[in-house]
Amino acid sequence: MAFQSIQITQISHAGLRIETSFPLHLDALHEFRLSLAGFTLIVKGRVVHCRVSEIEDQGLTYLAGVELTDLSEHAK
């Protein structure tokens with residue numbers, strides 16, 4: 001298990017749009033630890049798309065869409 005910080009650019013009841021410095025594989029399942037208003041929520045999601053968003057001198061930025069799966073009632 002590896003921990004990486006990511007930037008969430010959009011969040012909804014169905015999924016996340018995230019920016020990363022590394023590509024995510026399509027259909028890969030991941031756990032995301034979200035810090036929201038003083039508490040931590042762990043959700044699971046499946047990568048539905050990933051593409052290069054920006055090309056800069058220090059590297060690439062990727063934009064990915066994640067479909068949330070197996071949400072608990074608490075998470076909903």
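What radius of gyration does the protein have, and what would a compact globule with 76 residues have? The protein has 13 Å, and a compact globule with 76 residues would be near 11 Å, so the two agree. Please keep in mind that this is a predicted model. Its secondary structure consists of 5 strands and 0 helices, and the notes below go from the overall fold to three residues.

**Overall fold and dimensions**
- Following the sequence from start to end, you will meet the pattern β-β-β-β-β.
- The C-alpha trace spans about 40 × 25 × 25 Å along its principal axes.
- Among contacts with a separation of 6 or more, 37% are between residues 24 or more positions apart.

**Surface and charge**
- About 5,600 Å² of the protein is exposed, and carbon and sulfur atoms supply 51% of that area.
- Buried residues make up 26% of the 76 in the protein.
- The protein carries 6 positive and 9 negative charges, and the mean positions of the two sets are 6 Å apart.

**The largest nonpolar core**
- This core has 13 residues, and those touching the most other members are Leu16, Ile18, Leu24, Phe32, Val43 and Val66.
- At least two residues of this core come from each of strand 2 (15-20), strand 3 (29-36), strand 4 (39-56) and strand 5 (59-69).

**Leu16, a core residue in strand 2**
- Leu16 belongs to strand 2 and is one of the core residues that touch the most other members.
- Leu16 counts as buried because its relative accessibility is 5%, under the 20% cut-off.
- Beyond its neighbours within four places in sequence, Leu16 is in contact with Ile8, Gln10, Ile11, Phe32, Ala64, Gly65, Val66 and Leu68.
- Leu16 and Val47 are 31 residues apart along the chain, and their C-alpha atoms are separated by 9.4 Å.

**Leu24 and its contacts**
- Leu24 is also listed among the core residues that touch the most other members.
- Not counting residues up to four places away in sequence, Leu24 touches Ile18, His30, Val47, Cys50 and Ala64.

**Val48, a partly exposed residue in strand 4**
- Val48 sits in strand 4.
- With 39% relative accessibility, Val48 counts as partly exposed, because that value falls between the cut-offs of 20% and 50%.
- Setting aside neighbours within four places in sequence, Val48 contacts Leu26, Gly65, Val66 and Glu67.
- The C-alpha atoms of Val48 and Leu24 are separated by 9.5 Å, with the two residues 24 apart along the chain.

Note on methods: Residues are numbered from 1 along each chain as its sequence is written. This is a predicted model: local features need pLDDT of at least 70, side-chain atom pairs count only at pLDDT 80 or more; totals for chains, interfaces and linings use all residues. Side-chain values use heavy atoms; hydrogens and water are left out. Helices (H or I, at least four residues) and strands (E, at least two) are DSSP runs, numbered from the N terminus. The radius of gyration is taken over C-alpha atoms; the globule rule is 2.2 Å times the number of residues to the power 0.38. Buried means under 20% relative accessible area, exposed over 50%, partly exposed in between (1.4 Å probe, protein chains only). Contact means heavy atoms within 4.5 Å. Accessible areas come from the Shrake-Rupley method with a 1.4 Å probe; for residues, only the protein chains shown count as cover. Lys and Arg count as positive and Asp and Glu as negative; His and the chain ends are not counted. The place of a charge is taken as NZ of Lys, CZ of Arg, CG of Asp or CD of Glu. A nonpolar core is a set of buried Ala, Val, Leu, Ile, Met, Phe, Trp, Tyr and Cys residues joined through side-chain atoms within 4.5 Å.
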